[in-house]
Amino acid sequence: MSVFFISDPHLGHRNIAKYRPFVRDTQHNTELFIDDWNRTIRKKDVVYMLGDVAFDDESLELISTLPGRKILVKGNHDNFVSTQAQARVFDEIHGMISYKKVWLTHCPIHPDEMRGRKLNVHGHVHSKTIMRRKNIFWKEEDPRYVNACVDVVYPKYGTMFLSLDQIKEMI
């Protein structure tokens with residue numbers, strides 16, 4: 001069994017190509033997602049989907065046909081389909097969840113809310129990075145935050161999914 005993380009696949013988003021330069025249109029975004037899922041995820045794997053997953057019932061239904069145990073951490077766009085419909089697709093649904101001393105959320109949480117966790121794996125900010133002030137003149141990437149958004153992960157790794165092993169390397 002392996003564990004994977006993905007955020008913001010935006011399945012069914014009609015204008016996704018405007019925001020995602022590596023896709024031609026909504027259908028291409030869906031095809032990339034399905035191909036990548038089928039190459040990466042096996043029946044006994046666990047996939048934490050960190051929000052903004054499906055914008056319509058058809059896209060949500062598609063997820064139900066894919067292998068693996070699926071856990072949803074709801075995002076700000078996950079209200080386009082009903083929670084009842086999501087409950088038929090996902091094994092669990094959360095607002096946020098702690099996993100192995102890591103917060104899994106859609107939106108990054110405030111540093112004061114880490115409460116003993118080493119990392120916050122999140123999405124929502126697309127290709128942006130959470131920064132912290134190094135001194136009065138400089139900012140640097142905040143190592144407590146891992147952006148699992150497709151917009152960052154796919155161009156960097158050639159897959160939409162971050163594995164637990166990759167996350168462990170970041171700690």
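On helix α3, D57 and E58 are exposed (over 50% relative accessible area, against under 20% for buried and in between for partly exposed; 1.4 Å probe, protein chains only). Helices (H or I, at least four residues) and strands (E, at least two) are DSSP runs counted from the N terminus. The model is a predicted one, with local features needing pLDDT of at least 70 and side-chain atom pairs pLDDT 80 or more, while totals for chains, interfaces and linings use all residues. Residue numbers start from 1 along each chain, and side-chain values rest on heavy atoms, without hydrogens or water.

Opposite D57 and E58, α3 (residues 57–64) buries S59, L60 and I63. Seen down the helix axis, these buried residues fall within an arc of 100°, so they line one face (the arc is taken over directions from the axis to the C-beta atoms). They pack against α2 (26–40), β2 (46–49), β3 (69–73) and α4 (83–89), contact being heavy atoms within 4.5 Å.

I63 also turns up in the largest nonpolar core, where I6, F33, W37, M49, I63, F90 and F161 touch the most other members of the 24. Such a core joins buried Ala, Val, Leu, Ile, Met, Phe, Trp, Tyr and Cys residues through side-chain atoms within 4.5 Å. Two or more residues each come from β1 (3–6), α2, β2, α3 and α4, with α2 giving the largest share, three. A second, separate core of 19 residues includes V146, V153, L164 and I167.

As for disulfides (cysteine sulfur atoms within 2.5 Å), there are zero. The sulfur of C107 sits 11 Å from its closest cysteine sulfur, in C149, too far for a bond. C107 is partly exposed at 33%, whereas C149 is buried at 0%.
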